[in-house]
Each structure stands twice: as structure tokens, then as C-alpha cells.
Amino acid sequence: MAEENLLTDDFLRQLINIGEVDIVVGLSTHNNARTIQPVIAAIQAGILKCFPRERVAIINADGGSQDDTIEQVKNASIDDLRRGSKVYALRTLHSISVQYGRIPDPRRALQTIFSGADLLRARTCVIVSPETTTIEPDWLQRLARPAYHDNFDLVCPIYQRQKFEGALVRNLLYPMTRSIYGSRIREPYGSEFAISGRLVSDFLSNGIIDQDWGRMGPEISVTIFALTGKYRVCQSSLGARPPSSPGTHDMVTAVRRTVGALFASLDGNFPFWSSLRESQPVPTIGTASALPDDTVRINRKRLLDMFANGVAQIEPVLSSILSPSLLSELRRIAALDVDNFDYPEELWTRTVFEFAASYHKSTINRDHIIQALVPLYRGRSLTFVIENRDGSEEEIERREESLCANFERLKPFLLEIWAERK
Amino acid sequence: MREIIVNELTQAFQQMARDIAHYLPRLIVMLIIALIGWVIAYLLKLLVRSLLRLTKFSKLSENSGAAQLLHQAALPSSTELASRFVFWVAWVGFVLLGVSVLGIAGLQEYISKFFFFLPRLFAACVIFFFGLVAASFFSRAALLTAVNANFRSPRMLSLAVRFIIVTFSLSMTFEVLGVAEQTMLIAFATVFGAAMLGLAIAFGLGGQDLARKFLERKFTRQNREEREDELSPL
């Protein structure tokens, strides 16, 4: 059930004017005037092509844009008579926009979109990032169809990535989610996904968004909620994501929003994940493949400096989080030079699990624990770069699989340190 | 003559006997109060110790850095120290209460001063402890932020934050205790002012290059190029 008191009168009026719909496409924006046009065009084309008979509405939750993002979204409506390139839209496409606050807040944005979708009784809600300029009309079909026609509750994306893109997803989020929650979802944190009306309703009524993990990472909490409930989850191959522009993802914010939410989710879901022993594949539509062109320039020396300096500087903090043996091992690898540097899979897995256990026990402030992981992640990402610099797609895939196997194999270790006295 | 001496001695002994008879019950009352006070103080000590263990006070003091300070000074753990403190304050309070029963005029003023001082002592302890907790929290936050932003001297920044907060809380503690208020205020202002002036001079004179590089990085492409080296996490 939607929390109507959070919604403004104007937004409710707009929702009432629409009535009921079959599909809601949600856009969370903040000063995206530069990129939103191709995204909206792709959504419109996708609706005309794939869902001409369905009632569709675009809901834009805006976090205080100062440019004309909102106007661009509002103008995206398609009336009954407007013709696409070769097909007719048989229904009106409504496009509404609401400003939920003056500063961007992913939690409130998702809550607004979900509440709107719930009130419109949408069968499927598709979330699209306004920054994904590489979006194609087919993406809407690939995301919405499994939820709309095949009764899946959550459709996660699989992106075509460049070799070094998504290092945090590949080295931590995917392996850990897979090992903990037992489902092989490659992108547990996707900026595009589709969700059934049932899951939207349950997500809101269970107040997940108000719990620690929902507050920290609303997007990944949708995936975790679906995995821990009896919901049907699948993943669908989309295509290439646009390469992140420099500084798009502040590292600490990204880790807080994903790893922080994942760690926080472990407390309440312990009965569920502690009994799972192995992971299962999930239905996958399409296949993932890497992008051949890899133009990312990585300064390995600088990455090593940041790791080694981090380990040395925050050693007193790390000693409150990690076991002495693991800390001395980190000290050892921090002294290696770039050519011989190696942060092995097993050590990385143990590091992550000890961090998760310390987070559970709140050995120090929880946010400080998350921040202390960042320098170590930089060390692991350096190994990721070194290992995969000349590797083929298959080799990268094999290494990723090996890391996941390590996370699954060491899950009993996590359970053991989890149960140790605080 | 002999009779006078005997008479005087008898009167003296009688007076002493009367005085003893007058003070003895009060002394016994004082001893009883002290004994009851000891029992109550001991029970309070046990209660405080259990409460502190239950609330994981030792972990808080470890995080705040207070535990390390105590360890270096060869003092018992923070939980033990706090419970002993409560015991002694309570027992001394009862003993002084008992002493006041004796009705010794000179002591009354000091006893009332002691009881007047107790709330201030408690407030001072609380302020200092939470000062240490705040210093630990904010210095660690500064350290982590500086490390993740790849600053040159994160430890220095963290120590500076800790020093400022501890100095500030010490100054507040002494002010609450009423000990050398003016001296502490002047000392704090001098230390704080000197530190700020020192930093300003150091940055202005010694750090000209650093300042220029910082501004260049901030407003030119160099910063962007460095960021390009960072792997996209998501």
C-alpha cells in the first residue's frame, strides 16, 4: 500500500487524472536535461513498438532540478492520434512529474515512483536511469515483458560492460549477494530494472524503504527483498551502459549505497541466508558479453599508493575490524611493488566477510567500517586490473566464477565469525 | 589544697564522662551510618558495574580512547574505575553525613561544600568522557575521509581534530569544576589561537606550492585526469 501522506496533492491529482495503467516507467532525475531526451525518446519508441495496446505512464520523481528536466519529461506525453514511425499508439501515454524535494534522495525518489505505480495499480513498473543514453527501445521490452507476460516479480539487468567497468559489482556485490542470498544475479544493483505490481506493493507495505538497508541503498534493497521473499526473479540482457563520466560515482558514496546496504541487510535476514548452502542460477534472457573497445586508462601505481597508504594510515581503525592475522597479511601485500602486487581471492573474501561480521557487531561506528573498506577495495581492484589487463572475455569470466566460488566456499567462515561473541 | 585538687579532678572527670556520654551515642550513630553507607556504596558499586557491563561501557571507552589512556596510566579498566568511583563517592558521602551528626561546628561548612561539589564533579566527569568519545569519533571520521580523498597527511589532520576537541572538553571540564577557570580559559584561547595562527602561517609561507597545486588541481584538468584513473565501481 502506498504511503499517500508522502505524496503531494498535485501529484495525487495527476495520478487521479491518469486512472489505472498497466505499466509505469519510473525516472528519477536531478538536472538531467542534457541526457534525458534520448532516454525519453527510447522509452516512447519502446512503448509504441512493444506495448501499443497497454496503458502506460511515465512517472518522473525529481530531486530539485534547476534545468528544464521536468519540462522535457512532461512534454513526453503521446496522445491517441500521434503516430510513431511505423506504428500507432492505441492508448494515451501519460507523463507526469513531481518534485519530491530540493535535493536528490534516491530513497524518496524510488518511494515516490513505487507509490505512484501502486496507486495506479500498475502490473509492472520499469525503472530507467536518465543517464543511460545508450538505452534502446528494445530495453523496455526486455525488462517489462518477463514481468508483464511471464509473471516474474523482478527483472534485473545484465549489461554489456567494458573490461574494467563495474569493478565493485564484479569483485564484491555479485559474489557476495550470490554467496549470501543464493541467487546468481549478476547485477544486484542495477540502474534499470522491472518489478511486478505485487512486489511493489509488498515492498512498500513491509516498510523496507524505512529500514537501515532500504534507507542506505533503495535499489539493491529491492533485489534483496525479492531474493529473501517468495518472488520470481530473472535477469535480462540489455546492452551497453554508457561509460561513467569521471567523478560520476564518488567511491565512498557508491560503497555506502551498495555494500553498506548489503551488510545492513544481513542482520534482519539472518534466518534466511544462514540456512542457504549453495547458489542457484536464475532464469536469464539473452547473454552477457563484454564490449571489445576498452579505452579506460588506469594508473596502477596510483592505485597501489592509495591502497598501501590507506592500510598504513588507518591501521588503528582496521585493527578494530579485522583479525590480527588478516591485518598482518594486508601489511605484507601493501609492501609489494606494482609488478608483484597480488590481493588474492581468498584474502579478499576473508576481508569482506570480516568487515561484514564487524559491521554486524558494530565494533566501531558502522559508517566508519564502510569507509575503511574503500582503500582495501582499491587494492583488490588493482589486482583485478593486473589479472585482466590482457585477459580474454572467457578468462575474465573464469576468474569471476572462481571468486564467486571462493565466496561460497568461505560462507561457513562468515557464519563462524558472525556467531562469535561481540 | 589537696581537697581542691581532688575536687577539680573529680569535676574534670565528671565533665569528661558527661562529654563522652554526650558524644558516644552520636559516635555510635556515626559509625552505624558509615557502616550502612559502606554496604549501600558496595551495593551501588555492584549495580553500576553490572549496568556498565550490560551497556558495554568498556567498548565505548575503548572506542573513545579512554581505555588506552587508563592502560598507559596503569589504572584499572574503565568499568572498574567508574564503579569504584561511585563506591568511594557514596561512602565518603555517608561518612561525612555521619560526621555531621557529631555536631562539630567547623566541619559542617566543609561537609556542605562537599555535597555541593558532587553534582559538579559528576558533570565534569561526564563532559570529559563524552569529550573523549567525540574526539575519537570525529578524528576517525577525519582520518577516513582524508585517506579516501587521498590527502597527503591524514594522520596529522586526524590528530589535529582530536587535539582541538580534547582541549575544548578539558577546558569545559575545568570550568565546570571551577578549578582555575580563568587560567584554563586563557590557556585554551592561547593554545587554540596559536595552533590556528601556526597553521595559517605554515600554509601561507611553507605551503605556497601546495596551495597553488591544490588550486590548480581544483580548477584545471589535472584533477579530472586523476579521476579518470579511478575504476568505475558500478
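User: At what angle do H5(B) and H6(B) pack, and how far apart are their axes?
Analyst: Keep in mind that this is a predicted model. The pair ends up roughly antiparallel, because angles over 145 degrees get that label. For H5(B) and H6(B), the packing angle is about 170°, and the axes are 8 Å apart.

User: Which hand does the crossing of H5(B) and H6(B) have, left or right?
Analyst: The residues in the contact of H5(B) with H6(B) split into 20 nonpolar, five polar and three charged. As for the hand, the crossing of H5(B) and H6(B) is right-handed.

User: What is chain B built from, in terms of helices and strands?
Analyst: Reading from the N terminus, the elements of chain B go α-α-α-α-α-α-α-α-α. Among contacts in chain B between residues at least 6 apart in sequence, 62% link residues at least 24 apart. The tally for chain B is nine helices and zero strands.

User: What percentage of the residues of chain B count as buried?
Analyst: A residue needs 20 or more other C-beta atoms within 10 Å of its own to be called buried. Chain B has 234 residues, and the share of them that passes is 17%.

User: Which helix gives the largest share of the side of chain B that touches chain A?
Analyst: In this interface, 20 residues of chain B are in contact with 32 residues of chain A. Helix H5 (105-148), helix H6 (154-177) and helix H9 (221-228) of chain B each put in at least two residues on the chain B side. By class, that side has nine nonpolar, four polar and seven charged residues. The largest share, seven residues, comes from H5(B).

User: Moving to chain A, how far apart are the C-alpha centres of domain 1 and domain 2?
Analyst: The domain assignment of chain A gives domain 1 (4-285) and domain 2 (300-419). Their contact takes 24 residues from domain 1 of chain A and 22 residues from domain 2 of chain A. Centre to centre, using C-alpha atoms, the two domains of chain A lie 30 Å apart.

User: Which helix supplies the largest share of the side of domain 1 of chain A that touches domain 2 of chain A?
Analyst: The elements giving two or more residues to that side are helix H6 (167-181) and helix H10 (251-268) of chain A. By class, the domain 1 side has 13 nonpolar, five polar and six charged residues. Its largest share, ten residues, comes from H6(A).

User: Why does H12(A) count as oblique to H14(A)?
Analyst: Helix H12 (residues 300-313) and helix H14 (residues 324-334) of chain A pack with their axes 9 Å apart. Their crossing is left-handed. The contact uses Phe307(A), Ala308(A), Val311(A) and Ala312(A) of H12(A), plus Leu330(A), Arg331(A) and Ala334(A) of H14(A). H12(A) is oblique to H14(A) because of the packing angle, about 140°.

User: Is Phe114(A) buried or exposed?
Analyst: Phe114(A) sits in helix H4 (residues 106-119) of chain A. Around Phe114(A) there are 29 other C-beta atoms within 10 Å, and the cut-off is 20 or more, so Phe114(A) is buried.

User: Which residues does Phe114(A) touch, leaving out those up to four places away in sequence?
Analyst: Here's some context from farther along the chain: Leu199(A) is 85 residues from Phe114(A) in sequence, and their C-alpha atoms are separated by 9.8 Å. With residues up to four places away left out, the contacts of Phe114(A) are Cys125(A), Val200(A), Phe203(A) and Leu204(A).

Methods:
Residues are numbered from 1 along each chain as its sequence is written. Chains are lettered from A and ligands numbered from 1 in the order in which they are written. This is a predicted model: local features need pLDDT of at least 70, side-chain atom pairs count only at pLDDT 80 or more; totals for chains, interfaces and linings use all residues. Helices (H or I, at least four residues) and strands (E, at least two) are DSSP runs, numbered from the N terminus. A residue is buried if 20 or more other C-beta atoms lie within 10 Å of its own, exposed if 12 or fewer, and partly exposed in between; C-beta atoms are placed from the backbone. Two residues are in contact if their C-beta atoms, placed from the backbone, lie within 7 Å. Ala, Val, Leu, Ile, Met, Phe, Trp, Tyr, Cys and Pro count as nonpolar, Asp, Glu, Lys and Arg as charged, and the others, Gly among them, as polar. Domain bounds come from an automatic or database domain assignment. Axes are lines fitted to C-alpha atoms, for helices over the stretch in contact, and angles run from 0 to 180 degrees between N-to-C directions. Angles under 35 degrees count as roughly parallel, over 145 as roughly antiparallel, 65 to 115 as roughly perpendicular and the rest as oblique. A crossing is left-handed if the near helix is turned anticlockwise from the far one by less than a right angle, and right-handed if clockwise.
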